[in-house]
Amino acid sequence: MKERIDQMRRRAARYLGVRPVTVAPARGILSLSFDDFPASAWTEAGPILAEHGIRATYYVAGGLCGGENIGKPQFEVEHLQAAHAAGHEVGCHTFDHVSALRLTPEGLTDQLAKNAAWVAEQLDGHVMTSFAWPFGDVALGAKPVIDQRFLLGRGVRDGVNAGRADRVNLQAIGLESRRLPHYDLEALVARTADTSGWLIAYGHDVERDPTPYGCTPEDLDRLIRLAQQAGLDILPVGAAWARLSDANA
Ligand SMILES: [Zn+2]
């Protein structure tokens, strides 16, 4: 019953409370993002990103720091600081990694404030400007909170953002072993190039033996190479957003 109600609420949030934005950059963009984040999203993925000379977005939940999630060790402060120092974007999740479906707007505001304060303390006052919905759960009542506080919110609904999109619920494909077999990555990348769209990918752990929510180093490397071959710009979510905003101006 609860799951059915959640499904209905997710559907409502998909169609209602939309903050329309036109996604039409001069050329297609790929953004890579890592949620929570597991330590390997930095220790394994970081060198791959560096090798390609690209930057990604890390959506951090401060409450997971030094802990374990889905059986994987999560980031330590030094990982977060190293990623930030290397020029990667640090974006916001909820502090305790709580779904927006389980929070009142006030509760969500508290979670965001707590995360903002914690991140600012670790990263010399850094202010996070983009948000990723934990579990991809978008709640209608939460959308105005995200709208007010951030430039954008990233969900987990499959697809390429092109033309009209919802600024607080941008689509993203999963760099997840449970979802990757069902994608035609070549086609997604080609469509992003052809439509001058914005393909956002999100993942968690990056390991030889990933969780269903993570991928292997080869999976990550492959998507990067496909995007490069197709001539996509590869930018953190926030930098991509800035480019779209230029195009919209
Ligand atoms: Zn998460």
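These legends accompany three close-up views of a predicted model.

**View 1. The zinc ion and its protein donors.** Here we meet the zinc ion, held by the OD of Asp-36 together with the NE2 atoms of His-93 and His-97, at 2.0 to 2.2 Å. Along the chain, these donors are spaced as D-x56-H-x3-H. Asp-36 sits in strand 2 (residues 29-36), while His-93 belongs to the loop between strand 6 (89-92) and helix 5 (105-122), so this pair ties together parts that lie 57 residues apart in sequence. Both Asp-36 and His-93 are buried.

**View 2. Ile-146 and its contacts.** Next we turn to Ile-146, a residue of helix 6 (residues 143-149). Ile-146 counts as buried because its relative accessibility is 0%. Leaving aside residues up to four places away in sequence, Ile-146 touches Leu-108, Leu-112, Phe-131, Trp-133, Leu-152, Gly-153 and Val-168. To help you get your bearings, Trp-42 lies 26 Å from Ile-146, C-alpha to C-alpha, and the two are 104 residues apart in sequence.

**View 3. A nonpolar patch on the surface.** Our last stop is a nonpolar surface patch of about 280 Å², made by Tyr-15, Leu-16 and Leu-140. One of these residues, Tyr-15, is part of helix 1 (residues 2-15). With a relative accessibility of 49%, Tyr-15 counts as partly exposed, because the exposed class requires over 50%.

Methods
Residues are numbered from 1 along each chain as its sequence is written. This is a predicted model: local features need pLDDT of at least 70, side-chain atom pairs count only at pLDDT 80 or more; totals for chains, interfaces and linings use all residues. Side-chain values use heavy atoms; hydrogens and water are left out. Donors are N, O and S atoms within 2.8 Å of the metal (3.2 Å for Na, K and Ca); water is not among the atoms, so sites may look incomplete. Helices (H or I, at least four residues) and strands (E, at least two) are DSSP runs, numbered from the N terminus. Buried means under 20% relative accessible area, exposed over 50%, partly exposed in between (1.4 Å probe, protein chains only). Contact means heavy atoms within 4.5 Å. Patches are made of residues with over 30% relative accessible area and no salt bridge: like charges are joined within 9 Å, nonpolar side chains (Val, Leu, Ile, Met, Phe, Trp, Tyr) within 5 Å. Accessible areas come from the Shrake-Rupley method with a 1.4 Å probe; for residues, only the protein chains shown count as cover. A salt bridge is a side-chain nitrogen of Lys or Arg within 4 Å of a carboxyl oxygen of Asp or Glu.
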